[in-house]
Amino acid sequence: MKKLWKELFDVDIDTLDIDFLQFNMHLPPNVTYEEYQDYFMDVPEGIDEWILCGINHPNSDIVTHDEVSALMEFTAEVLLRRNDEL
């Protein structure tokens, strides 16, 4: 995850104090568990399915706002999963 941020966005996470958990618009308790599941895992629109693919294999040199925004929430989701809070 850190490598993606550094190489694709020139953001060195180790030098910044970013609380990714603030990017929780689509995470419980702000949404129901079912809405969370739809947003992150419902294929083909779920973030888990398309965000990393879009970043690893971009169609152009442009990274869209949606991709960056989704990556922020994806990072928050990973942190919550690591802490067994989801």
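How much space lies in the second largest pocket? About 150 Å³ lies there, and the tour below works its way to that pocket and then beyond it. The model on display is predicted.

**The whole chain**

Begin with the protein chain in a cartoon view. Its secondary structure comes to 4 helices and 0 strands, and the pattern read along the sequence is α-α-α-α. The chain has 86 residues, of which buried residues make up 29%. Switching to a surface view displays an accessible surface of about 6,000 Å²; carbon and sulfur atoms account for 51% of that surface. Of the contacts between residues at least 6 apart in sequence, 54% join residues at least 24 apart.

**The second largest pocket**

Next, select Met-1, Lys-2, Trp-5, Ile-13, Phe-20, Thr-75, Val-78, Leu-79 and Arg-82, which line the second largest pocket. Colour the helices α1 (2-9) and α4 (65-82), the elements that each give two or more residues to this lining. Which of them gives the most? The answer is α4, with 4 residues. Colouring the lining by residue class divides it into 6 nonpolar, 1 polar and 2 charged residues.

**Thr-75, in the pocket lining**

Now centre the view on Thr-75, a residue of helix α4. Is Thr-75 buried or exposed? Its relative accessible area is 7%, and because buried means under 20%, Thr-75 counts as buried. Show the side chains around it: leaving aside neighbours within four places in sequence, Thr-75 is in contact with Met-1, Trp-5 and Phe-20. These three partners of Thr-75 are also among the residues that line the pocket.

**Leu-21 and its partners**

From Phe-20, step along the chain to Leu-21, which lies in the loop between α1 and α2 (33-41). Leu-21 is partly exposed, with a relative accessible area of 32%. Select Ala-76 as well and display the distance between the two C-alpha atoms: they are separated by 4.9 Å, although the residues are 55 apart along the chain. Not counting residues up to four places away in sequence, Leu-21 touches Ala-76, Leu-79 and Leu-80. Leu-79, one of these partners, also belongs to the lining of the second largest pocket.

**The aromatic pairs**

Finally, display the aromatic side chains. The model contains 4 aromatic pairs. One of them joins Phe-20 and Phe-23, with ring centres 6.3 Å apart and 50° between the planes, a tilted arrangement. Phe-20, already met in the pocket lining, is buried, at a relative accessible area of 6%. Its partner Phe-23 counts as partly exposed, at 26% relative accessibility.

Move next to Tyr-39 and Phe-40. Why is this pair edge-to-face? The ring centres lie 5.1 Å apart and the planes stand at 80°; planes over 60 degrees apart count as edge-to-face, so the pair falls in that class. Tyr-39 is partly exposed, with a relative accessible area of 24%, whereas Phe-40 is buried, with a relative accessible area of 0%.

To close the tour, add Tyr-33 and Tyr-36 to the selection. Together with Tyr-39 and Phe-40, they form one aromatic cluster.

Conventions
Residues numbered from 1 in each chain as written. Predicted model: local features only at pLDDT ≥ 70, side-chain atom pairs only at ≥ 80, totals over all residues. Heavy atoms only, no water. Phe/Tyr/Trp six-rings, centres within 6.5 Å; stacked < 30°, edge-to-face > 60°. Buried < 20%, exposed > 50% of the residue type's maximum accessible area, 1.4 Å probe, protein only. 1 Å grid on protein atoms, 1.4 Å probe; cavity = no way out; pocket = protein on both sides within 12 Å on 5 of 7 lines; lining within 4 Å. Points joined across faces, edges and corners; volume = space filled by probe spheres on them. Nonpolar A, V, L, I, M, F, W, Y, C, P; charged D, E, K, R; others polar. Contact = heavy atoms within 4.5 Å. Areas by Shrake-Rupley, 256 points an atom, 1.4 Å probe, with all protein chains shown as cover.
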